[in-house]
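Me: I'm new to reading structures, and I get lost when I try to take in everything at once. Could you pick one part and go over it closely, along with whatever sits around it?

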Amino acid sequence: MTPHTVFELRRYRLLPNGREALIGLFDREFVEPQEAKGMRIEGEFRDLDDPDAFVWVRSFRDMEARTEALASFYSGPVWKEHGPAANETMLNSDNVLLLKSTGSVQPFAHNLKRSQEVERPEARGLIVVNICSLAPRTEEDFARYFSDKALPVMQEAGARIDGVFVTARGVNGFPRLPVREGETVLVWFECHKDEESAARYQERLHRNVNWADEIYPRMDGQCWRRIEVARLTPTSRSLCAW
């Protein structure tokens, strides 16, 4: 597959009871048409702690390809027909981070190919998304520390790390879909078999003296707010799953 270098982490705040309607519509009408434009739908998720949140990730070859793909899809017949019904489920859809991989792990390397989707009995797992909000232009130093110190400890404790990302700089070439510009973040995705497995991982992680006394406090101290954690479960068509 062609390497993708630009990723969107999208979190939608939905009207009460709107999530299942949106997921059903998304899976029926939006997956293949977007991927036909060169995007990849890496993952779709329910937030375990927020029944009115839908989280998903899509990727693009590069920023130019992103602009072209979005312009084509959102001006095309599929969005024209089904977009209004999707929008009717939402309170807002502009909580979007534009990201690039740090290169410390291959992004979503464990994802199925879309052609393998029918072979999977069900999408399982607990995906934990962690967002570090950083001071401007500090993400490269933070990412080096994360890769050198934090990542090996997490992996040794049993986490499957499916991606480590920082803010993708550049102009949003499709302003019709706003993104959170002017922010600096590092984001990592953990994948666990289930909640019990994730709990055991946390226990092992916090027994590591370096993690508890040095690594996590140092990372947390460089963030201007607490590290944001979202616990997600994959939808039936999510390629990112256990």
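Reply: Here is a close look at helix α4, followed by a few spots elsewhere in the chain.

Some ground rules before we start. This is a predicted model, where local features need pLDDT of at least 70 and side-chain atom pairs count only at pLDDT 80 or more, while totals for chains, interfaces and linings use all residues. Residues are numbered from 1 along each chain as its sequence is written, and side-chain values use heavy atoms, leaving out hydrogens and water.

Find α4 at residues 139–157. The helix and strand names come from DSSP runs numbered from the N terminus (H or I over at least four residues for a helix, E over at least two for a strand). Now follow α4 along: it bends by about 40 degrees at Ser147. That bend is the angle between two axes, one fitted to the seven residues ending at the chosen residue and one to the seven starting there.

Which residues of α4 are buried? They are Glu139, Phe142, Ala143, Tyr145, Phe146, Ala150, Leu151, Val153, Met154 and Ala157. "Buried" means under 20% relative accessible area, "exposed" means over 50%, and "partly exposed" is in between (1.4 Å probe, protein chains only). When you look at spacing in a list like that, keep in mind that an α-helix has 3.6 residues a turn, so residues three or four places apart point the same way. The cover over these buried residues includes strands β5 (126–134), β6 (160–167) and β7 (184–192), plus helices α5 (195–207) and α6 (209–221).

Let's zoom in on three of them. Glu139 sits in α4 and counts as buried because its relative accessibility is 4%. Its side chain makes a polar contact with the side chain of Arg169 at 3.1 Å. (A polar contact is a pair of N or O atoms within 3.5 Å; within protein, one must be able to donate a hydrogen and the other to accept it, and residues adjacent in sequence count only if both atoms are side-chain atoms.) Setting aside neighbours within four places in sequence, Glu139 is in contact with Leu134, Val166, Arg169, Thr184 and Val185, where contact means heavy atoms within 4.5 Å.

Ala143 is in α4 too, and with 9% relative accessibility it counts as buried. Not counting residues up to four places away in sequence, Ala143 touches Thr102, Val166 and Leu186. As for Glu181, its C-alpha lies 19 Å from that of Ala143, and the two are 38 residues apart in sequence.

Then there's Phe146, which brings us to rings. The whole structure has 18 aromatic pairs. One of them joins Phe146 and Trp188, a tilted pair at 5.0 Å centre to centre with 45 degrees between the planes. Phe146 belongs to helix α4 and Trp188 to strand β7, so the pair ties together parts 42 residues apart in sequence. Both Phe146 and Trp188 are buried. The rules: rings of Phe, Tyr and Trp (its six-membered ring) pair if their centres lie within 6.5 Å; planes under 30 degrees apart are stacked, over 60 edge-to-face, and the rest tilted.

What about the two ends of α4? Just after the helix, Gly158 takes a positive phi of about 115 degrees. On the other side, Arg137 is in the loop between β5 and α4. Its phi is near 65 degrees, a positive value in a residue other than glycine. That's worth a glance, because most residues other than glycine have a negative phi. Arg137 is exposed, with a relative accessible area of 66%.

Asn17 also has a positive phi without being a glycine, near 70 degrees. You'll find Asn17 in the loop between β1 (6–14) and α1 (19–36), and at 76% relative accessibility it counts as exposed.

One last stop: Arg124, in the loop between β4 (90–101) and β5. At 40% relative accessibility, Arg124 counts as partly exposed. Arg124 and Trp242 are 118 residues apart in sequence, yet their C-alpha atoms are 5.4 Å apart in space. Leaving out residues up to four places away in sequence, Arg124 touches Pro234, Ala241 and Trp242.
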